[in-house]
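Subject: Structure handover and findings

Hello,

Here is the structure I promised. Please look through it with the notes underneath.

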Amino acid sequence: MDIFSLKGKNAIILGGAGVLGSAMAEGLAIAGANVAMTDRTGKKSEKLAESLKKYNVKTKGYKLDVLNTNDIDDVCESMIKDFGRIDILVNSIGGNSKDASTSDEKNFFELSKEAFGEVMNLNLMAGTVVPCQVFGKKMLSNPDGGTIINISSMSALKPLTKIPGYSASKAAVSNFTQWLATDLALNLNSKIRVNAIAPGFFLTNQNRFLLTENETGDLTKRGSTIIDHTPMKRFGNPEDLIGTLVWLASDASKFITGIVVPVDGGFSGFGGV
């Protein structure tokens, strides 16, 4: 099973200190990769990096405000200096905003244009396109190429009610993933692969307010509907992403580029009957 090994590979997870990102960082370390991770202050990443040293890999945390292009450039250069090269990029930064979400009190026509634009920028441009440009360019000179893994969403496959900004931005992430995979393979370096993971429903800080009641933690009507339409009848656990991530990052998928893989407990395949 050596084709799944990431031993000797250098990976960076942007947003690697988040709920899903930290699980993915640990999964890459278990598979043998040296792992760098980022968060807005650097403190969570540094703490996580220290905890991953038990897997006998090199780790480091960096401070990164993805909305600041200079920060992205600086982290990239720092990683090259610290690790030597970049083999794996995971773009796990993203989020939503209440001000870009509809509700019983606010319809689509009352949404803040600024908030909508901020969600689009965070998920698509700042969280995906720009990091692909900055880190991906460094992969061009790798003899063995590299792999970029974007984090899309179930809402990219089936637009969900209430979150038009988030759904639109993640649909764009999926489309961009396919475009970049094709462009790199045809024109620049066919050994650089680009794929995406579309997580189903995981309880995170960005969606908890939509899925659970703040006071009791019970499922909201929306949360219950999701479980009813998920054949496996549960929300995802962060570690459920690890197998797909390692597969896409490793030589086990070396002839795979330009795909979006749902990790959703069957949600995308269930018609409701």
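On the other side of helix α3 from its buried residues, N70 and K81 are exposed. Here exposed means over 50% relative accessible area, buried under 20%, and partly exposed in between, with a 1.4 Å probe and protein chains only. Helices (H or I, at least four residues) and strands (E, at least two) are DSSP runs, numbered from the N terminus.

This is a predicted model: local features need pLDDT of at least 70, side-chain atom pairs count only at pLDDT 80 or more, and totals for chains, interfaces and linings use all residues. Residues are numbered from 1 along each chain as its sequence is written, and side-chain values use heavy atoms, with hydrogens and water left out.

Helix α3

The buried residues of α3 are D71, I72, V75, C76, M79 and F83. Down the axis they fall within an arc of 135°, so they line one face of the helix. The arc is that of the directions from the helix axis to the C-beta atoms. An α-helix has 3.6 residues a turn, so residues three or four places apart point the same way.

What do the buried residues of α3 pack against? They pack against β1 (10-14), β2 (34-39), β3 (59-63) and α4 (113-139). Contact means heavy atoms within 4.5 Å.

α3 covers residues 69-83, 15 in number. From first C-alpha to last it reaches 21 Å, close to the 21 Å expected at 1.5 Å a residue. The expected span is 1.5 Å times one less than the number of residues.

Both ends are worth a look. At the start of α3, a side-chain oxygen of N68 comes to within 2.9 Å of the backbone nitrogen of N70. After α3 comes G84, with a positive phi near 100°.

Helix α2

Helix α2 (residues 43-52) has S45, L48, A49 and L52 buried. These cover an arc of only 105° around the axis, which puts them on the same side of α2. K43, K47 and E50 are exposed on the other side. The cover over the buried residues of α2 includes α1 (19-30), β2 and β3.

Nonpolar cores

A nonpolar core is a set of buried Ala, Val, Leu, Ile, Met, Phe, Trp, Tyr and Cys residues joined through side-chain atoms within 4.5 Å. Which residues touch the most other members of the largest core? I12 and F135 do, in a core of 30 residues. β1, α3, α4, α6 (164-188) and β6 (192-199) each supply at least two residues of this core. α4 gives the most, with 8 residues.

Leaving aside neighbours within four places in sequence, F135 is in contact with I12, L14, I72, V75, C76, I86 and L89. Another core lies apart from this one. That core has 29 residues, among them A11, A49, V90 and F202.

L124 is found in helix α4. L124 is buried, with a relative accessible area of 16%. Not counting residues up to four places away in sequence, L124 touches V129, S169, A172 and V173. L124 and L111 are 13 residues apart in sequence and 19 Å apart in space, C-alpha to C-alpha.

Strand β7

Strand β7 (residues 260-263) has V261 and V263 on a covered face, with V260 and P262 on an uncovered one. In a regular strand the side chains alternate between the two faces of the sheet. β6 and β7 pair in the parallel sense over 4 bridges. Two strands pair if DSSP finds at least two bridges between them. The bridge partner of P199 in β7 is V263.

Polar side chains

S155 lies in helix α5 (residues 154-157). Is S155 buried or exposed? At 1% relative accessibility, S155 counts as buried. Its side chain and that of S153 make a polar contact of 2.9 Å. A polar contact is a pair of N or O atoms within 3.5 Å; within protein, one must be able to donate a hydrogen and the other to accept it, and residues adjacent in sequence count only if both atoms are side-chain atoms. Leaving out residues up to four places away in sequence, S155 touches L160, I163, Y166, S167 and K170.

T220 lies in the loop between α7 (208-211) and α8 (221-228). T220 counts as buried at 11% relative accessibility. A polar atom of the T220 side chain lies 3.1 Å from the backbone nitrogen of G223.

Best wishes
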